[in-house]
Amino acid sequence: MIDPLDRPIWHALRSRQSAFSAGGQFALRYQADVSPFAAAVDDSADALAALAAVIPPAGSILLLQAGVVPLPPGTVADMVDEGVQMVARRLEAPEVPPEVLDLVDADAADMVELATLTRPGPFLSRTHRLGSFVGIREDGRLIAMAGERMKLPGLTEVSGVCTHPDFRGRGHAGLLSRIVAARIAARGETPFLHAFASNHAAIRLYEQLGFVLRRRMSVVALRREAA
């Protein structure tokens, strides 16, 4: 049995997030304004061909899965990196201070602006629709946020964790991550998350919050080979 977390994108798009999917039987991707993440059901020739077919003609997709990622014929990898997947094993639900806000559609432009500046991961115009987000504003400006991204049966990913550079060092990332994770756990689900293996500061923070390493993951940016 393959653990769904080994291919979290595929299992999210085949289950709780099927409404955001594009593709077919062997490969799926999130809709273009939601996320560039995509996945194949396995590494068979049919699946790899289907994966290549979901790459936009002038764009790319992101893969996140366990093990070595074979490249589909006719594709080029612009990035190959190592990530970590972490799962919550112990969580303490924090008190939610009054400055923490539940973010809504009206906050979407500010969320994209903050994510574009801080680069916590791909964040597009409808990424916020994947789950609930919380944030902190100061003088009307969104300075920190965290929320949910991939959703599998019994599992929800903590993602989009970022703080404006002018407001770091105040504990916002840890507080908002803890709030999001605690809300996931309160629903009877297990929180999980991803980080680049080289992002030691983020990994230390998540360990302090009660997350433990599950396994290493491959991260690949894939585009079509030029004609």
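## Exercises on a predicted model

Arg204 is partly exposed, with a relative accessible area of 49% (buried means under 20%, exposed over 50% and partly exposed in between, with a 1.4 Å probe and protein chains only). This is a predicted model, in which local features need pLDDT of at least 70 and side-chain atom pairs count only at pLDDT 80 or more, while totals for chains, interfaces and linings use all residues. Residues are numbered from 1 along each chain as its sequence is written, and side-chain values use heavy atoms, leaving out hydrogens and water.

**Exercise 1.** Place Arg204 in the fold and relate it to Ala45.

*Solution.* Start with the secondary structure: Arg204 belongs to helix H5, residues 200-209 (helices are DSSP runs of H or I with at least four residues, strands are runs of E with at least two, and both are numbered from the N terminus). Next, take the C-alpha atoms: Arg204 and Ala45 are separated by 39 Å, with their positions 159 residues apart along the chain.

**Exercise 2.** Trace the open sheet and find its edges.

*Solution.* Walk across the eight strands in the order S4-S11-S5-S10-S9-S8-S7-S6; the pairing is mixed (two strands pair if DSSP finds at least two bridges between them). S4 (60-65) and S6 (100-103) each have a single partner strand, so one side of each lacks a neighbour in the sheet. From one strand to the next, the twist averages 30° (axes are lines fitted to C-alpha atoms, for helices over the stretch in contact, and angles between N-to-C directions run from 0 to 180 degrees).

Now look at one pair. S5 (residues 75-88) and S11 (residues 211-224) run antiparallel and are joined by 13 bridges. In this pair, Glu82 faces Ser218 of S11. Helix H2 (residues 45-53) packs on the sheet, where it touches S4, S5 and S11, and its direction makes about 65° with that of S11 (contact means heavy atoms within 4.5 Å).

**Exercise 3.** Check the length of helix H4 and decide how enclosed it is.

*Solution.* H4 covers residues 172-186, 15 residues that should span 21 Å at 1.5 Å a residue (the expected span is 1.5 Å times one less than the number of residues). The end C-alpha atoms are 21 Å apart, which agrees. Then count burial: 11 of the 15 residues are buried, so the rest of the structure largely encloses H4. Among them are His172, Ala173 and Leu176. After the helix comes Gly188, with a positive phi near 85°.

His172 and Ala173 are also among the residues touched by Thr163. Thr163 lies in strand S9, residues 155-163, and at 8% relative accessibility it counts as buried.

**Exercise 4.** Describe the largest pocket and the setting of Pro120.

*Solution.* The volume comes to about 1,000 Å³. The lining has 40 residues, with Arg119, Pro120, Gly121, Val161 and Asn199 nearest the centre (on a 1 Å grid over the protein atoms alone, a pocket is an open set of points where a 1.4 Å probe fits, with protein on both sides within 12 Å along at least five of seven lines; lining residues have an atom within 4 Å of a point). S9 gives the largest share, seven residues.

Finally, zoom in on Pro120, found in the loop between H3 and S7. Pro120 is partly exposed at 31% relative accessible area. Beyond its neighbours within four places in sequence, Pro120 contacts Ala115, Gly160, Val161 and Cys162.

Technical notes:
Points joined across faces, edges and corners; volume = space filled by probe spheres on them.
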